[in-house]
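Thanks for coming. I will take a few minutes to walk through one structure, sheet by sheet, and then turn to the ligand and some single residues.

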Amino acid sequence: MINQQKKLIDEIILELQEINVNYGAIQALKKINLTIKKGEVVTLIGANGAGKTTTLRAISQIVKSKSGNIIYSGRNITHRPPHEIVKLGLAHCPEGRRILAKQTVLDNLLLGAYIRSDQEIKSDIQKQFDLFPRLAQRRNQLSGTLSGGEQQMLAIARALMSRPKLLLLDEPSLGLAPTIVKEIFAIIQNLRATGVTILLVEQNANLALQIADRGYVLDAGSITLSGIASDLIKDERVKQAYLG
Ligand SMILES: Nc1ncnc2c1ncn2[C@@H]1O[C@H](COP(=O)(O)OP(=O)(O)OP(=O)(O)O)[C@@H](O)[C@H]1O
Ligand SMILES: [Mg+2]
């Protein structure tokens, strides 16, 4: 029994316990509880302003929680500085991509490895080029001149350069044409095969639930529903509110 419990705890990579976040007088997150197991793809869906980005920012300590705990790989990381979080293997690919427009593709990738000093950075860049062939062809191009989809790919590749165990992806499909969205979601699925655990924030609930193992629904700062993705996609409440 103890062994079984231990195994269960070992498998949990991230746990949010009763997380509250305020922006001034506004409570953006209300007692958020969320668990991710190693190897899972978990999606967080919800309308504009529901608090999805805030949840990811709270995890990577870009915004401070008012109360509650964030446990990552068995450690309490609440109130640790963001750069320490990256060193622990947690990478955040932010909404709106935030790549350095005046730097080349290659320089942006190198920047993603800033916490590392090992000898494998070069071969990891090659891995990104294998995963994203469009970036390989454009390695010396200024990143600001990449298309929207290519910039999104670069943002993901840059996050991967820190060799994350857990990748937080904020709206990778935002503003992209359906064919590029398909390409990016296929890459996310490939990533899971390499052992990266993923927390995927999406407004495209349909697509997100198709590739996720489990999902959480966020509504006005509270988790209102959670479960196996294949159940959520059939749930009438989810269908009406998020699947159009
Ligand atoms: N820095 C900030 N200062 C004040 N209020 C903020 C700040 N950032 C977010 N908010 C507010 O917190 C709430 C949640 O915002 P958040 O960005 O987390 O939503 P979201 O679910 O990611 O929405 P979207 O789908 O539009 O990206 C919103 O009401 C937003 O206006
Ligand atoms: Mg957002």
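Start with an open sheet of 4 strands, in the order 2-1-4-5, with antiparallel pairing. The edge positions belong to strand 2, residues 26–37, and strand 5, residues 75–76, each of which pairs on one side only. Please keep in mind throughout that this is a predicted model.

Within that sheet, strand 1, residues 12–23, pairs with strand 2 in the antiparallel sense over 8 bridges. To give one position, valine 21 has leucine 29 in strand 2 as its bridge partner. Helix 2, residues 52–59, packs on this sheet and touches strand 1, strand 2 and strand 4, the last of these being residues 67–72. The direction of helix 2 makes about 115 degrees with that of strand 1.

Now the other sheet. This one is also open and has 6 strands, ordered 6-7-8-3-9-10, and its pairing is mixed. Here the edge strands are strand 6, residues 90–93, and strand 10, and each pairs on one side only. From one strand to the next, the twist averages 15 degrees.

At the strand 10 end, strand 9, residues 214–219, runs antiparallel to strand 10, and 6 bridges join the two. Glycine 215 has glycine 227 in strand 10 as its bridge partner. Two helices should be mentioned with this sheet. Helix 7, residues 148–160, packs on the sheet and touches strand 6 and strand 7, with its direction at about 165 degrees to that of strand 6. Helix 8, residues 178–193, lies across strand 3, strand 7 and strand 8, and runs at about 155 degrees to strand 8.

On to the ligand. Which residues come nearest to ligand 1? Out of 13 residues around it, they are Asn48, Gly49, Lys52, Thr54 and Glu95. Helix 2, which we met on the sheet of 4 strands, gives the largest share of the shell around ligand 1, with 3 residues.

Three distances to oxygen atoms of ligand 1 are worth listing. For alanine 50, a backbone N or O atom lies 3.2 Å from a ligand oxygen. For glycine 51, a backbone N or O atom is 2.9 Å from one. For lysine 52, a polar side-chain atom is 2.7 Å from one. Taken alone, ligand 1 exposes 640 Å², and the protein buries 63% of that.

Lysine 52 also turns up in the surroundings of my next residue, valine 201. Valine 201 sits in strand 8, residues 197–202. Is it buried or exposed? Its relative accessible area is 0%, so valine 201 is buried. Beyond its neighbours within four places in sequence, its contacts include Leu44, Lys52, Leu56 and Asp170. Valine 201 and valine 42 are 159 residues apart along the chain, yet their C-alpha atoms are separated by 8.6 Å.

Isoleucine 223, in strand 10, counts as partly exposed because its relative accessibility is 25%. Leaving aside neighbours within four places, isoleucine 223 is in contact with Ile32, Asn33, Leu44, Tyr216, Val217 and Leu218. Isoleucine 223 lies 8.6 Å from leucine 34, C-alpha to C-alpha, with their places 189 residues apart in sequence.

Last, glutamine 128, which lies in helix 5, residues 121–131. Glutamine 128 counts as buried because its relative accessibility is 5%, and the cut-off for buried is under 20%. Apart from neighbours within four places in sequence, glutamine 128 is in contact with Leu109, Ala157, Leu160 and Met161.

Note on methods:
Residues numbered from 1 in each chain as written. Chains lettered and ligands numbered in written order. Predicted model: local features only at pLDDT ≥ 70, side-chain atom pairs only at ≥ 80, totals over all residues. Heavy atoms only, no water. Pairing = 2+ DSSP bridges. Contact = heavy atoms within 4.5 Å. Axes fitted to C-alpha atoms, helices over the stretch in contact; angles between N-to-C directions. Buried < 20%, exposed > 50% of the residue type's maximum accessible area, 1.4 Å probe, protein only. Near = heavy atom within 4 Å. Polar contact = N/O pair within 3.5 Å; in protein donor to acceptor, adjacent residues only side chain to side chain. Areas by Shrake-Rupley, 256 points an atom, 1.4 Å probe, with all protein chains shown as cover.
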